[in-house]
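Hi,

Here is the structure I said I would pass on. Have a look at it first, and my notes follow underneath.

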Amino acid sequence: LELLCNEQNEQNRRGHNRDQYRDPIENWAGCANEMLHGAIIINGGALTAVLASHEIERLKCAAFIFAAGALCSIVSGFYAYIYQFKIALTFRWYITGDDKDKKFWIYDEGHRKKALIIGVISLALFVIGLIVSACSLR
């Protein structure tokens, strides 16, 4: 009877962990991807507009800044992907509860922080690129 109780408790724990951690992981992953896609689009669109203009000589600096912003968005996306991958591996241990899966306990905040910081830098480069463009066209 005690063994049956322990097995039921273990199944309840796994179900609780599955429900508790799945939604936050999916939500964070979705938000991160949307933010990074937006940063790539605005920097890439601005770079395309600069390159298509007839004022390319005056806007070289702005084009470089927009390109750097797009590159930062891509690097930030890479760090966000690594963070999500590590959470998924950690989540595996939470669900199974098996000691052989405990080796996947590699969750850390470093990649999330890098993704956020580089993503913010990408958006800042977009704003700086707009200011440089406006000043160059005066």
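Reading from the N terminus, the elements run α-α-α. That makes three helices and zero strands. Keep in mind that this is a predicted model.

Some overall numbers to begin with. The protein has 138 residues, and 30% of them count as buried. About 9,000 Å² is exposed, with carbon and sulfur atoms supplying 66% of that area. If you take the contacts between residues at least 6 apart in sequence, 78% of them join residues at least 24 apart.

I spent a good part of my time on α3. Does its length add up, or not? With 27 residues at 1.5 Å a residue, α3 should span 39 Å, and its end C-alpha atoms lie 38 Å apart, so the two agree. The buried residues of α3 include His111, Ala115, Ile118, Gly119, Ser122, Leu125 and Phe126; further along, Gly129, Val132 and Ser133 are buried too.

Two serines are worth a click. Ser122 sits in helix α3 and is buried, because its relative accessible area is 0%, against a cut-off of under 20%. Which residues does Ser122 touch, once its neighbours within four places in sequence are set aside? They are Ala39, Asn43, Gly69, Cys72 and Ser73. The other serine, Ser76, belongs to helix α2, which covers residues 60-96. Ser76 also has a relative accessible area of 0%, so it counts as buried. Leaving out residues up to four places away in sequence, Ser76 is in contact with Leu36, Ala115, Ile118 and Gly119. Ala115, Ile118 and Gly119 are themselves on the list of buried residues in α3.

Now the aromatics. A search of the whole structure turns up two aromatic pairs. One of them is Phe66 with Phe126: the ring centres are 5.9 Å apart and the planes meet at 45°, so this pair is tilted. Phe66 comes from helix α2 and Phe126 from helix α3 (residues 110-136), so the pair ties together parts that are 60 residues apart in sequence. Both of these phenylalanines, Phe66 and Phe126, are buried.

On the outside, Ile41, Ile42 and Leu123 make a nonpolar surface patch of about 250 Å². Leu123 is the member I looked up: it is part of helix α3, and its relative accessibility of 35% makes it partly exposed, since that class lies between 20% and 50%.

As for charges, how many salt bridges does the structure hold? There is one. It joins the side chains of Lys60 and Glu57, at 3.2 Å from N to O, and both Lys60 and Glu57 are exposed.

Last, a residue outside the helices. Glu109 is in the loop between α2 and α3, and at 25% relative accessibility it counts as partly exposed. Measuring from C-alpha to C-alpha in the model, Glu109 and Lys86 are 9.9 Å apart in space, with their positions 23 residues apart in sequence numbering.

If you only open one view, I would go for the α2 and α3 pairing through Phe66 and Phe126.

Cheers

Terms used
Residues are numbered from 1 along each chain as its sequence is written. This is a predicted model: local features need pLDDT of at least 70, side-chain atom pairs count only at pLDDT 80 or more; totals for chains, interfaces and linings use all residues. Side-chain values use heavy atoms; hydrogens and water are left out. Helices (H or I, at least four residues) and strands (E, at least two) are DSSP runs, numbered from the N terminus. Buried means under 20% relative accessible area, exposed over 50%, partly exposed in between (1.4 Å probe, protein chains only). Contact means heavy atoms within 4.5 Å. Rings of Phe, Tyr and Trp (its six-membered ring) pair if their centres lie within 6.5 Å; planes under 30 degrees apart count as stacked, over 60 as edge-to-face and the rest as tilted. Accessible areas come from the Shrake-Rupley method with a 1.4 Å probe; for residues, only the protein chains shown count as cover. Patches are made of residues with over 30% relative accessible area and no salt bridge: like charges are joined within 9 Å, nonpolar side chains (Val, Leu, Ile, Met, Phe, Trp, Tyr) within 5 Å. A salt bridge is a side-chain nitrogen of Lys or Arg within 4 Å of a carboxyl oxygen of Asp or Glu. The expected span of a helix is 1.5 Å times one less than its number of residues.
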